[in-house]
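I opened the notebook to look up a few things in a structure that was new to me. The sequence and the model come before the entries.

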Amino acid sequence: MVNLFILSDLTKISFLQIDNFIEPRGVNRSPLQNVFLDLLLKIFFVFLFSILCLLCVSTLPLCVDTIDHEQSHHACWYHENKKMQGNHLYSWVRRICGARSMVAMNKCWCCNLSFKGIIDLQNHLHAADAIKKDGIFPWDDDSYLKPFIIDDALLHSFPNDDDFDNEDFDPPVTKEDILGELINNAYTSEIYNSSLDILDTEKPQPSACYDIRMDVTEENAANRFEKNKSNAINGGCDSGELPQTQECKLKVSFANVVSREIKNVNENYFGSYGSFSIHREMISDKVRTEAYRIAILNNPSLLNQATIMDVGCGTGILSLFAAQSGASKVISVEASLKMATMASQIVKDNGFLYEENIKGEENHCSRVIDVVQTMVEELDKFRNIPPHSIDLLVSEWMGYCLLYESMLSSVLYARDRWLKPGGAILPDTATIFVAGFGRGGTSLPFWENVYGFDMSCIGKEVLEDAAFSPIVDVVDSKDIVTESAVLQTFDLTTMKPDEMDFTSSCELTLKPSPKDGSSIICWCYGVVLWFDTGFTNRFCKETPMVLSTSPYSPRTHWSQTIFTFQEPIAMTSAEAIAEDNGMVGTEQCPAERIRSRISITRSPVHRSIDISMETTGISTDGKRRHWPVQIFDL
């Protein structure tokens, strides 16, 4: 597998994983191959490089072209206004999403006037110095942190400080650059071979594809763009329209490759759960398994004679608990073929397997578990389960940092499809916590004394690398230096799938210091995230439970997730007096509190998550210092 990273002028905006090789460098390509490559490049530019203008339906290949276009065509002075607002990722996201949402309604983002169409709005545009009103930008609202257009390429084009200092951009990626990457690194025979018959058609046919770069009438720009983008992915032709062209069919081939890539990720993901060592680790996690066992067995009013669905049953341990508690039927869904086979055998060996062909007394009341090998999203293909007929959903869906693996979306799908109104979910709540950790939470102490030898140079390298990659490890409670704070809470009975992507802020202050009158400076090296899931008394009337992965609780196989600052921040108590000189977060001017704004979103890489962290130190006298936004992939 080769990763072809496609870079914009400012930052990486996307990547594509492609298999197989067309021709080595230096080998002459046939005219047919040249036609194919040209069309493939066009697809790349449409799907990966097309950035929709904020004020019209024009699409530009790169961010710098978009900026130039808005300056020259709409007097938007986008880049200069970006400097006015400051170099902050969240400000960049807010102003793009805010502008897009207002333009979609044909409203001016400054004076809030409404217009009949996009042309009238374009003619009304204000100069850059008139956008700020009463010292506040119209998009200074966290509600605009949610993308207005899915996969908006402009959101990925956040400039660095150097971009403003130099007033220049890096040279944009050209078609020749991409072609070179395709020839050298990309293995595209899958698309090539599947498209040979398309390119070899006898007669060119009229185009029914809609080009998203075409000029259109005054219409909701954002909605039209999404519609056209969707049409392109699906072939661009509605039923009853003219036949598809070669380019249109190639777009279908491209979309099929992406779909197969997602399928491969799913197969690898569920295949990894075919390893028995993973299941031994999870079952041996006493905190985890006991929490579920107690919640299921010690709440008879919830489980007795209930119809239950176990999403991602694995070995079937939770389904066995449910059958033991008196459930009338348990539908155990497992996507891994190997584990579904094992779960069926385990259930059968313990006398709980429901077998449809067995009638009468032989299929007595204890045989209640039906194991189905499929993803829950495809369960309808294998079982005819009436909608909203399930009394209780149970699932152990949590991943590292709670949301890694994206299993929660499958639970919510099952909830919306099959759970009865007022039905129960176990667990029914989840909460992410955050706290700051000190030097002991890093690897520095280990490398400073390795059998009596000083290897601290390695520790410093590891610490620098940790500022770019999250670490899943156990943090000792004694290494937590701040109070804990709630980052985000989920109610699984009511939350929507898009709430899995969120931005939340918190403030961290030092733990109380010894009461000896001394002013202690403590160094905070980063933040650690963990989660609790609740089996609350909303459903567990007899015995509510909490499953905690906190550093203050017995360890679990989830450990905690560590995010290291780019540099440690000196902190002190609120009673300390800061010196006038020195930057906030240094020993001369320690921070009294740290404000963190953290975003967690599902990654374009299927089943992964992206985390961004914006850190601000605030001293006792109110001075502030902002550190650059950090981006992590998990």
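The entries below go from the whole chain to single residues.

**Entry: the whole chain**
I began by noting that this is a predicted model. I looked up the secondary structure and found 18 helices and 20 strands in the protein chain. The chain has 634 residues, and 50% of them count as buried. I then looked at contacts with a separation of 6 or more, and 70% of these are accounted for by residues 24 or more positions apart.

**Entry: the cores**
Which residues have the most contacts inside the largest nonpolar core? I found Met309, Leu529 and Ile600, in a core of 91 residues. Helix 14 (residues 317-324) gives the largest share of this core, six residues. I followed methionine 309 further and left out residues up to four places away in sequence. Methionine 309 then touches Ile331, Val333, Val376, Leu379, Ile385, Ile390, Leu392, Leu393, Val394, Ala414 and Trp418. I also noted a second, separate core, which has eleven residues, including Phe433, Phe437, Leu463 and Val528.

**Entry: helix 16**
I looked up helix 16, residues 408-418, because two of the residues touched by methionine 309, Ala414 and Trp418, are among the buried residues of this helix. The other buried residues of helix 16 are Leu408, Ser410, Val411, Leu412 and Arg415. What lies over them? The cover of these buried residues includes strand 5, strand 8 (390-394) and strand 9.

**Entry: helices 11 and 12**
At what angle do the axes of helix 11 and helix 12 cross? I read off roughly 65 degrees, with the axes coming within 5 Å. Helix 11 covers residues 276-284 and helix 12 covers residues 286-297. Angles of 65 to 115 degrees count as roughly perpendicular, so the two helices are roughly perpendicular to each other. On the side of helix 11, the contact is made by Met282, Ile283 and Ser284. On the side of helix 12, Lys286, Arg288 and Thr289 make the contact. I sorted the contact residues by class and got two nonpolar, two polar and two charged.

**Entry: cysteines**
How many disulfides does a search of the whole structure find? I noted zero. Cysteine 524 is thus listed in no disulfide, and the nearest cysteine sulfur, that of cysteine 522, is 7.4 Å away. A disulfide would need the two sulfur atoms within 2.5 Å. Is cysteine 524 buried or exposed? Cysteine 524 is buried, because its relative accessible area is 0%. Cysteine 313 is buried too, with a relative accessible area of 6%.

**Entry: backbone details**
I found a cis peptide bond between leucine 426 and proline 427, with omega about -10 degrees. Proline 427 sits in the loop between strand 9 (419-426) and strand 10 (429-437).

I next noted glutamine 305, which is not a glycine but has a positive phi of about 60 degrees. Glutamine 305 is in the loop between helix 13 (300-303) and strand 5 (307-311). Its relative accessibility is 56%, so glutamine 305 counts as exposed.

Serine 559 is not a glycine either, and has a positive phi of about 55 degrees. I placed serine 559 in the loop between strand 15 (545-548) and strand 16 (560-571). Is serine 559 buried or exposed? Serine 559 counts as buried, because its relative accessibility is 10%.

Terms used
Residues are numbered from 1 along each chain as its sequence is written. This is a predicted model: local features need pLDDT of at least 70, side-chain atom pairs count only at pLDDT 80 or more; totals for chains, interfaces and linings use all residues. Side-chain values use heavy atoms; hydrogens and water are left out. Axes are lines fitted to C-alpha atoms, for helices over the stretch in contact, and angles run from 0 to 180 degrees between N-to-C directions. Helices (H or I, at least four residues) and strands (E, at least two) are DSSP runs, numbered from the N terminus. Angles under 35 degrees count as roughly parallel, over 145 as roughly antiparallel, 65 to 115 as roughly perpendicular and the rest as oblique. Contact means heavy atoms within 4.5 Å. Ala, Val, Leu, Ile, Met, Phe, Trp, Tyr, Cys and Pro count as nonpolar, Asp, Glu, Lys and Arg as charged, and the others, Gly among them, as polar. A nonpolar core is a set of buried Ala, Val, Leu, Ile, Met, Phe, Trp, Tyr and Cys residues joined through side-chain atoms within 4.5 Å. Buried means under 20% relative accessible area, exposed over 50%, partly exposed in between (1.4 Å probe, protein chains only).
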